[in-house]
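Me: Please take a close look at one single part of this model and explain how it is placed among its neighbours. I am a first-year student, so please give the meaning of each term as it comes up.

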Amino acid sequence: MNVNQIAHIASLVGEPARTAMLLELIDGRALTAHELAHAGSVSPQTASRHLGLLVEAGLMKVEQHGRHRYHRLASGEVAHLIESIMQLAATQVSTPRRAVVSGPKDAAMRMARSCYDHIAGRLGVAIAERLLADEAIAFDGEAGHVTERAGAVLARIGIDPARTLAKAAPRRVHCRPCLDWSERRFHVAGRLGTVICAHCLDSGWLLRRAGSRALDITPKGVVALRGWLGSEQWRQLSEPAAVPGAN
């Protein structure tokens, strides 16, 4: 890896239309070129050139389904890169601004949202804190690992980590902290984050909101997650979120 390669990736991510396209895919979805052109506010022809560059650089990949071609982020590492830039951008306040008023969409995003293939937002942070308190996981800087206590802890919500983690991509880390751009605290990424997110969706505890990264907690999910996280943590989770200085 040399300076020119780093600069090339930075320039690709830094172009506003391409940034918008990458952000549109950060929840793990696969979208058509037409949908991404709309997200980037560019013409289909311009979008095609942008997408070609992103695919060539390994930031996106293309999947063919029948006559249709769908684009998605190439990996969780790309999603982590975008989330890291979002976190940095949210802290760069160069001029005084009025307090940000959170609308319903912002509130839903801050409560629970998908970050590629794991749960972010207040719920994601609460899950990470529960796992840390139960010593099921441990964070060390930007690294993390699953402990021998994880099996008993995750069994409470019906997850068998030995079986589910074994199915994950072999080169992917079991667990790592991912700094949450809205909460300024860590949620869980890596294989374990994927497993927990999939389990919550498959169990009907969370529902994807159409056209948004927001995840809605269902009544069934309230019962299950409150029972796991505990009444006090659930109370803190359910309180109106303080609005950060930037979205």
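Reply: The word contact here means heavy atoms within 4.5 Å. Helices (H or I, at least four residues) and strands (E, at least two) are DSSP runs, numbered from the N terminus. The model is a predicted one, in which local features need pLDDT of at least 70 and side-chain atom pairs count only at pLDDT 80 or more, while totals for chains, interfaces and linings use all residues. Residues are numbered from 1 along each chain as its sequence is written, and side-chain values use heavy atoms, with hydrogens and water left out.

The chain has 12 helices and 10 strands, and the part chosen here is helix 11, residues 219-229. Its residues can be sorted by accessibility: buried means under 20% relative accessible area, exposed means over 50%, and partly exposed lies in between (1.4 Å probe, protein chains only). In helix 11, G221, L225, W228 and L229 are buried. These four lie on the same side of helix 11 because they cover an arc of only 85° around its axis; the arc is that of the directions from the helix axis to the C-beta atoms. As a general point, an α-helix has 3.6 residues a turn, so residues three or four places apart point the same way. The other side of helix 11 carries the exposed residues P219, K220, V223 and G227.

What do the buried residues of helix 11 pack against? Their partners are helix 7, helix 8, helix 10, strand 10 (215-217) and helix 12. Just after helix 11, G230 takes a positive phi of about 100°.

The surroundings of helix 11 can be described through a nonpolar core, which is a set of buried Ala, Val, Leu, Ile, Met, Phe, Trp, Tyr and Cys residues joined through side-chain atoms within 4.5 Å. The largest such core has 29 residues, and I119, L123, L131 and I196 have the most contacts inside it. At least two residues of this core come from each of helix 7 (121-133), helix 8 (150-155), helix 10 (190-202), helix 11 and helix 12 (231-238). L131 touches W228, and also A136, I137, V153, L154, V188, L192 and I196, when residues up to four places away in sequence are not counted. A second, separate core of 21 residues includes L22, L31, A79 and M86.

Cysteines add a further detail. A disulfide is counted when a pair of cysteine sulfur atoms lies within 2.5 Å, and the structure holds zero disulfides. The sulfur of C197 is 7.0 Å from the closest cysteine sulfur, in C200, and therefore too far away for a bond. C197 counts as buried because its relative accessibility is 3%. C178 forms no bond either, because its sulfur is 4.3 Å from the closest cysteine sulfur, in C115, which is too far. At 1% relative accessibility, C178 is likewise buried.

Finally, the whole chain gives the wider setting. Of its 247 residues, 40% are buried. Among the contacts in the chain with a separation of 6 or more, 59% are between residues 24 or more positions apart.
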